[in-house]
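Dear colleague,

Please find the structure that I am handing over to you placed directly below. My notes on what was found in it follow.

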Amino acid sequence: MGTQLPLEADHFLVRKIALGDVEEVARLHEAQNERPADREYIGRCIADVPSSLALQGERLVGFVYGRAFAPDLLWLTNLLVDEEYRGRGIGRRLFEHVEEQARTRWAGILFSNSDLWPHPPRPSPEGFYLRLGYEKVWTTAHTAVYVKRLVS
Ligand SMILES: CC(C)(COP(=O)(O)OP(=O)(O)OC[C@H]1O[C@@H](n2cnc3c(N)ncnc32)[C@H](O)[C@@H]1OP(=O)(O)O)[C@@H](O)C(=O)NCCC(=O)NCCS
């Protein structure tokens, strides 16, 4: 039997990503995606727009960040929850936290998912976005775009 992990997302601390977290975020990327992470890009993203990470104790277990798609539209380009910690509500908490920050300036959030990416996520995260109230607004043969309006 493996180590028993907490079942509720309440056991996790969620906060904005700080400059000092970039190395850990990059390492989690690399550990789970098996390709180099762009530390400079992460640093630029978190300086400019809302972001969120989840910690269990000292351990980074998930993050979401992105960049401006337009001056009032936030494009979340990177989302990851550590494989061992999926299905415990952490992804939902990360999104709720980022949306909370975004409401002060951003009119909406968008996300895309493509099977043309060198390593498309499996399984597809589409069900996750739909569950969190994102609407699929556009599809091409390979890519889907999801949006959530923050102001009506
Ligand atoms: C997508 C991902 C972030 C979800 O994180 P998570 O912590 O497992 O998600 P949660 O436990 O918070 O799930 C929230 C809700 O979405 C649902 N959900 C999660 N992943 C889902 C999926 N792939 N398909 C359908 N529903 C899904 C859950 O059942 C839950 O529903 P509920 O709150 O009504 O019970 C995680 O699976 C992941 O990191 N995947 C690999 C990377 C990835 O796909 N990134 C996005 C593209 S870059």
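**The sheet and its strands**

Leu53, in strand β2 (residues 52–56), stands opposite Phe63 in β3. This is one position in a pairing between β2 and strand β3 (residues 59–70), which run in the antiparallel sense over five bridges. Strands are DSSP runs of E with at least two residues, helices are runs of H or I with at least four, and both are numbered from the N terminus. Two strands are said to pair if DSSP finds at least two bridges between them.

Before going further, please note that this is a predicted model, in which local features need pLDDT of at least 70 and side-chain atom pairs count only at pLDDT 80 or more, while totals for chains, interfaces and linings use all residues. Residues are numbered from 1 along each chain as its sequence is written.

β2 and β3 form a hairpin with two residues between them, and Gly57 in the turn has a positive phi of about 60°. A hairpin with two residues between its strands is also formed by β3 and β4. Here the pairing is antiparallel over eight bridges. Tyr65 stands opposite Asn78 in β4, and the bridge partner of Val64 in β4 is Leu79.

How do β4 and β5 pair, in the parallel or the antiparallel sense? They pair in the parallel sense, over three bridges. Three positions can be followed in the model: Leu73 stands opposite Gly108 in β5, Leu74 stands opposite Ile109, and Trp75 has Leu110 as its bridge partner. Together with α3, these two strands make a right-handed β-α-β unit. Right-handed here means that, with the strands pointing away from the viewer, the path from the first strand over the helix to the second runs clockwise.

On to the next pairing: β5 and strand β7 (residues 143–149) pair in the antiparallel sense over seven bridges. Ser112 stands opposite Val145 in β7.

The whole sheet can now be described. Seven strands form an open sheet in the order β1-β2-β3-β4-β5-β7-β6, with mixed pairing. β1 (13–15) and β6 (135–139) stand at the edges with a single partner strand each, so one side of each has no neighbour in the sheet. From one strand to the next the twist averages 25°; axes are lines fitted to C-alpha atoms, for helices over the stretch in contact, and angles run from 0 to 180 degrees between N-to-C directions.

**The two faces of β5**

In a regular strand the side chains alternate between the two faces of the sheet. Strand β5 (residues 108–114) shows this alternation: Ile109, Phe111 and Asn113 point to one face and are buried. Gly108, Leu110, Ser112 and Ser114 point to the other face and are not buried. A residue is buried if 20 or more other C-beta atoms lie within 10 Å of its own, exposed if 12 or fewer, and partly exposed in between, with C-beta atoms placed from the backbone.

**Helix α1 and the region after it**

Does the length of helix α1 agree with what is expected, and why? The expected span of a helix is 1.5 Å times one less than its number of residues. For the twelve residues of α1 (residues 22–33) this gives 16 Å, and the end C-alpha atoms are 16 Å apart, which agrees.

Just after α1, Glu34 takes a positive phi of about 55°, in a residue other than glycine. Glu34 lies in the loop between α1 and α2 (39–48) and counts as exposed because it has 8 C-beta neighbours inside 10 Å.

Glu40 belongs to helix α2 and is exposed too, since it has 9 C-beta neighbours inside 10 Å. Glu40 and Ala26 are 14 residues apart in sequence and 10.0 Å apart in space, C-alpha to C-alpha.

Pro50 is found in the loop between α2 and β2. Pro50 is buried, because 24 other C-beta atoms lie within 10 Å. From Pro50 to Arg39 there are eleven residues in sequence and 17 Å in space, C-alpha to C-alpha.

**The shell around the ligand**

Of the 17 residues around the ligand, Arg86, Gly91, Arg92, Pro121 and Gly127 come nearest. The elements that give two or more residues to this shell are β4 (73–81), α3 (90–102) and α4 (126–131). A residue counts as near the ligand if its C-beta atom, placed from the backbone, lies within 6 Å of it. The shell divides into eight nonpolar, five polar and four charged residues. Ala, Val, Leu, Ile, Met, Phe, Trp, Tyr, Cys and Pro count as nonpolar, Asp, Glu, Lys and Arg as charged, and the others, Gly among them, as polar.

With kind regards
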